[in-house]
Amino acid sequence: TASKLPLKSVIVGSPEDTPLAKEIIALSGDKVADMTGKTTLRELTGLIRNSRFMLTNDTGPIHIGAAMQVATFAIFGPLWGYAHRAHRGPALRTLL
């Protein structure tokens, strides 16, 4: 869980993601900051730029993390693997 990580954990997303973020935080021992619905695109970019690691799904922030060479672990749904081969590099790992 996030409470065992030596990193500060932050959840970002739209306001619609807040209920799920609250569930994750409750399961993580309240060691996670909820930033859902609270960041502009510029602020999100700054947050990602200053991150050491990023866990994301197949949404816009993956592109920001990959472009900034932030260590990124991406989770994709049931899509073709070749659709995401553009995201390559030492900082990005993809799970299909």
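**Strand S3 and its surroundings**

Trainee: Strand S3 runs parallel to strand S4 (residues 71–75), and 5 bridges join them. What makes these two strands a pair?

Mentor: Two strands pair if DSSP finds at least two bridges between them. S3 and S4 are joined by 5, so the condition is met. Within this pairing, Phe73 in S4 is the bridge partner of Leu55. Please note that this is a predicted model, in which local features need pLDDT of at least 70, side-chain atom pairs count only at pLDDT 80 or more, and totals for chains, interfaces and linings use all residues. Residues are numbered from 1 along each chain as its sequence is written, and side-chain values use heavy atoms, with hydrogens and water left out.

Trainee: Why is the β-α-β crossover from S3 to S4 called right-handed?

Mentor: The chain passes from S3 through helix H3 (residues 60–67) to S4. With the strands pointing away from the viewer, a path from the first strand over the helix to the second that runs clockwise is right-handed, and this crossover is of that kind.

Trainee: What makes a run of residues a strand or a helix?

Mentor: Both are DSSP runs, numbered from the N terminus: helices are H or I with at least four residues, strands are E with at least two. The protein has 3 helices and 5 strands, in the order β-α-β-α-β-α-β-β.

Trainee: Is Thr56 in S3 buried or exposed, and how do you know?

Mentor: The relative accessible area of Thr56 is 9%. Buried means under 20%, exposed over 50%, and partly exposed in between (1.4 Å probe, protein chains only); therefore Thr56 is buried. Thr56 and Met54 form the covered face of S3 (residues 53–57), whereas Phe53, Leu55 and Asn57 form the uncovered one.

Trainee: Which residues are in contact with Thr56, leaving aside its neighbours within four places in sequence?

Mentor: They include Pro61, Ile62, Phe73 and Ile75, where contact means heavy atoms within 4.5 Å.

Trainee: Why is the largest open space called a pocket and not a cavity?

Mentor: On a 1 Å grid over the protein atoms alone, a cavity is a set of points where a 1.4 Å probe fits but cannot get out, whereas a pocket is an open set with protein on both sides within 12 Å along at least five of seven lines. Lining residues have an atom within 4 Å of a point. The largest pocket is lined by 32 residues, with Met54 and Leu55 among those nearest its centre. S3 gives the largest share of this lining, 5 residues.
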